[in-house]
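Visitor: I'm new to this one. Please pick a single helix and walk me through it slowly, starting with where it sits in the chain.

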Amino acid sequence: MSLLDVRDLAVSYNGRRAVEGISFTVEPGETVAVVGESGSGKSTTAHAIIGLLPGNATVDQGQILLGDTDLATWSSRRMESVRGVRIGLVPQDPANSLDPVKTIGAQVGEVLRIHRRGDRRTIARRVVDLLTRVGLPEAEALARRYPHELSGGMRQRVLIAIAIALEPSLIIADEPTSALDVTVQRRILDLIDDLRTEFGTAVLLVTHDLGVAADRSDRLVVMKDGRIEEQGPSAAVLADPRAAYTKQLLHDAPALSVREFRTAEPPVREPAIVVRDLVKEFRAGPSAVSRAVDGVSFEVAHGTTHALVGESGSGKTTTARMVVRLTRPTSGTVEIAGAGPGRLFRRHVQLVYQNPYGSLDPRQSVAEIVEEPLRNFRLGDRAARRARVGDLLERVALPKDLLTRKPRELSGGQRQRVAIARALAVEPEVVVLDEAVSALDVTVQAQILDLLEQLQRELGLTYLFISHDLAVVRQISHTVSVMNQGRIVESGSTSQVFTDPGHEYTRELLAAIPEPVR
Amino acid sequence: MNRPKIGLVLAWLVIGVALLWAVVPGVFTGHDPIAGVPAEKLQAPSGQHLFGTDAVGRDLFARVVHGAVHSLSGAFVAVGVGLLLGTLLGLLAGSAGGLLDDAIMRFVDVLLSVPGLLLALTVIILLGPGTVNVAIAVGIGSVAAFARLSRAEVVRVRRTDYVEAAFGSGGRYTTVLRRHVLPNSLGPVIALAALQFGLAILAISTLGFLGYGAEPPTPEWGLLISEGRNYLATSWWLTSLPGAVVVSVVLAAGRISRSLGADLGKDRA
């Protein structure tokens, strides 16, 4: 008998179907990955299983059989005897999933206390055991600390400790590593794997990252628009995807499709961007100073893409902001060939932000947003500007009827296209892309990357591409600089850095990318 | 989900009626608010005199209706003064930052540390009594609240990516302030304006009650209550009914402010 057997499950929000009659099983001790893009219903499915759907959601039909009990009909109150005991949950966002005013020990102990597993002393001992088990050092001292004193990876370990505290037979991990750096992500996934083999716990891994799913699961369930497109053993699905959607996902996932490296012609002109010994210091206290960027130098040739790769805190974004003159360097220089002084600089260099939700004024229409740079520089009269906005929208492949829409009426991919159109409005030569595709689903991400490549070919743009995602960087960039703790540890052509990494840190980063399957 | 909220509808109704009183008082009452009929003095509310009559036989309902224009226009002026000055200070402080920010906000702190009524009285003593001066005084009393709120909003919006992106696409400082920072900061400020409108009516009535506002026999709401004070024991309606009108208008403004705050908050990321 299966450990978990979901049969014909349908869930709707305010009467609108989010999950439409899906069925799958999880066997004891195996990892099943539910893969899909945002809005595919994968998280809803996970929440339905553990009985944590929000108030406006209803389970319309179907069964959720855990062993031989049907959880679908249980009240939230009755589910309390299941949550933590038989099903553990590892939530998505380690930053917001711990109570900031309680110590780590109290929070891990809480689940034991609720289910009355022993007196205070045994619980305290068990907490230390658990924290040690999930690989946290000095567990006893750590139990007395508060969440804000821990890094993202450590917090996620604490959450895993809570999930395994009562040794449940199933752990639901809802995007357990999406908010973490790649090297940390790998260690967390390793930990979940270890625990699974040690306790024989089954894992339901919900993720948008096909690379992670391919690497870590026994079976794959591919979801789209609330339906299951395809399911089967991971290796088989990856080797021979049957559904068209799975094929597209595989094609678009940068980690899974090995493409040719982009190679640049030897530079004919002087480089477009020259960065020399750039340093940025921030005050870290009354007398302490922290160096976010510590002597960074690189050059980018005209019409090529240079990637700055690193994990959070590596100083890559600060470097990018100094290149676009939004942050003033403490010392060092940035030279951009042909860029004017003062405000004219903005006609030459443009920045595209990571978060397409935050970088567009919510009160402006798409037309106003794209037109704004033209108005700022008084380029053309009203009719000419309107025509130019139309052209720009066409360039980024957005339909004309979006012109009057507000940003909130657009999808993430559409918003990022609007942001790119705005950046291109003044015909810049250098575009700095700060994690410009990180917030997007893989298929949308692939489309934006294609768009960027095409624009580079047509307009001869020079890109400085900031990213933590090596798989994306491998695909788009000609040259790479790897950053760690404010310094560039290695740089060179993409093929050289990826195939023959010279620095230990680069090798660690590369090892963290899930293995290419094809 | 879209069930109309009865309280909100009622609030708009109250404000609507009060505004109509101010604009076309003749439609609501046929009595003269100034000239009384001494023979009919101190009558209890009846079909003839809805709110009863006062000590000189004037119809109280007529006086309340005709008084609306004085109290409401006063409140408008007060909110206008507070909104304009306060938002200007807040915008300046929030966008400039640094020393100017500190200077403006400490000044606002000083304003805030003086009780509102005392501040208003001080201003009136400087300007002299009168309806407009009372309104200005009350407005100055609310500058601090507007300045603080708008500064907080400006500081929040100033940090957003889209404001930085606006500078990034070549926007000048003032253009960005006008086109992005101001519109996106105004939502909560407008909600506060509605709330302050109610409070201004209350403050103006208070000052009227104390005798700093309109001169008798002008039928200003606060003055009406003040005049009725001497007859509290015998003629309850002289204080209670105008008082009830003031209370309902103030409460209605508060309710509308809350709904504005909720609606305008939707655009926030």
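Guide: First, a word on terms: a helix here is a DSSP run of H or I at least four residues long, a strand is a run of E with at least two, and both are numbered from the N terminus. Keep in mind that this is a predicted model.

Now the setting. An unreviewed UniProt entry puts the annotation "domain: ABC transporter" on residues 4-250 and 273-510 of chain A. Residues 273-510 of chain A are 37% helix and 26% strand, with end C-alpha atoms 26 Å apart. For residues 4-250 of chain A, the figures are 38% helix and 27% strand, with the end C-alpha atoms 27 Å apart.

Our helix is α19 of chain A, residues 504-512. Which of its residues are buried? They are Tyr505(A), Thr506(A), Leu509(A), Leu510(A) and Ala512(A). Buried, by the way, means under 20% relative accessible area.

Look at how those numbers are spaced. An α-helix has 3.6 residues a turn, so residues three or four places apart point the same way. In α19(A), the buried residues span an arc of only 160 degrees around the axis, which means they are on the same side of the helix.

And what lies over that side? The cover for the buried residues of α19(A) includes three helices of chain A, namely α7 (182-199), α17 (470-476) and α18 (494-499). Strands β18 (479-484) and β19 (487-493) of chain A are also among the elements covering them. Of these, α7(A), at 182-199, falls in the annotated stretch 4-250 of chain A.

Terms used
Residues numbered from 1 in each chain as written. Chains lettered and ligands numbered in written order. Predicted model: local features only at pLDDT ≥ 70, side-chain atom pairs only at ≥ 80, totals over all residues. Heavy atoms only, no water. Buried < 20%, exposed > 50% of the residue type's maximum accessible area, 1.4 Å probe, protein only. Arc of directions from axis to C-beta. Contact = heavy atoms within 4.5 Å. UniProt positions renumbered as here; feature names shortened; annotations may be inferred.
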